[in-house]
Each structure stands twice: as C-alpha cells, then as structure tokens.
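Dear colleague,

I am handing over the structure we spoke about, and I would be glad if you kept it open while you read the notes that come after it.

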Amino acid sequence: MIADLDEIRLPLDLNGEWFVCNDTNAEGMFPADISGTAGYRTVTIPSDLAGCFPEEPYATGVFWFKKHFLLGEAYASKRLVLRFDAVNYSTNVYLNGKYLGFNDQGFLPFEMELTDEVRFNEINELTVRVDTRRKQGQLPTSFYWKNCG
C-alpha cells in the first residue's frame, strides 16, 4: 500500500507576491546590507527579470528578492524543505537573516532545509540574493538565455 502524499506532506506555495530590488552596485552580500523593503518593488513570482524590470529587460547584476510568510503549528512536527524550480544564476538563500545555502546551477531545481530556522506563528522573512552575472565557463553562454530564468 502506498500512502497518499497529501497525508504525508503539507505544502505551502510561496509563489505570488514578492519584493525585489536591483542592487545596482552589487554591494550587498548579506540581507542586512539591503534591509527593509524601501527601494523594493512588488512583483509576482514566478517570473523572469524582464517581468520584474520591464523598463530594463536585459538587466544583469545582483538582485534581492524577499518574501514574508507565516507558518502555523501544523508545520511544527514536519521537516521543512524549500524547493526552487530554478533561479538564474548564482543564488544565496537566507531565512530570518540566517544563511541557508548557495546554488549556482542556474536553471536546475534545488532545495534548502528550513526546519531549524523557521519561526512558527511569527512572520518569517525569506531573502534570496541572485547574481545573474556569468563567470567564464558557466553555462549557458548564449545571450538569449541571459535573463530568462
């Protein structure tokens, strides 16, 4: 007998409204460097950068994404894993200011463990630093794919 996954998993969809800002000088490495949401705009995720910055459809550099969410006690006994379907390109992920991890696989899905850092019955702040600049040898190298993730 196979258990119904809906009985085992308790999903939370974080798609929807996020905040994003362009760190035009690429100075920020930690969420405290780009604090609050002043200078951020509201966007709907999933999206590519052209959707977030239509006035600058070929923007490259460092971008900060923030999402606030609340988890109730129903999640307290669960292992909590954050899944990204893809982020273009290099990504640093933070929860409530605590560093969770790094990914530089561009268009591939990846996961981060949240279990020990999430706060129940409080607002959590998920912060994602995305660097779209490519280093030599990173794929894809085609300009067409530059901002499509």
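Trp64, Tyr94 and Tyr99 come together in one aromatic cluster, and I should say at once that this is seen in a predicted model. Across the whole structure there are four aromatic pairs. One of them joins Phe84 and Phe110, whose rings are stacked, with 4.6 Å from centre to centre and 15° between the planes. Phe84 belongs to strand S4 (residues 81-84) while Phe110 belongs to strand S7 (residues 110-113), so this pair ties together parts that are 26 residues apart in sequence. As for their surroundings, Phe84 and Phe110 are both buried, and the step behind that word is that a residue counts as buried when its relative accessible area is under 20%.

The other element to look at is strand S8, which runs over residues 123-131 and is mostly covered, since seven of its nine residues are buried. Which strands pair with S8? One of them is strand S3 (residues 62-70), which pairs with S8 in the antiparallel sense over nine bridges, and within this pairing you can find Lys66 standing opposite Thr127 of S8. Another is strand S5 (residues 90-95), which also pairs with S8 in the antiparallel sense, here over six bridges, and if you would like a residue to start from, Val93 has Val128 in S8 as its bridge partner.

With best wishes

Conventions:
Residues numbered from 1 in each chain as written. Predicted model: local features only at pLDDT ≥ 70, side-chain atom pairs only at ≥ 80, totals over all residues. Heavy atoms only, no water. Buried < 20%, exposed > 50% of the residue type's maximum accessible area, 1.4 Å probe, protein only. Helix = DSSP H or I, 4+ residues; strand = E, 2+ residues; numbered from the N terminus. Pairing = 2+ DSSP bridges. Phe/Tyr/Trp six-rings, centres within 6.5 Å; stacked < 30°, edge-to-face > 60°.
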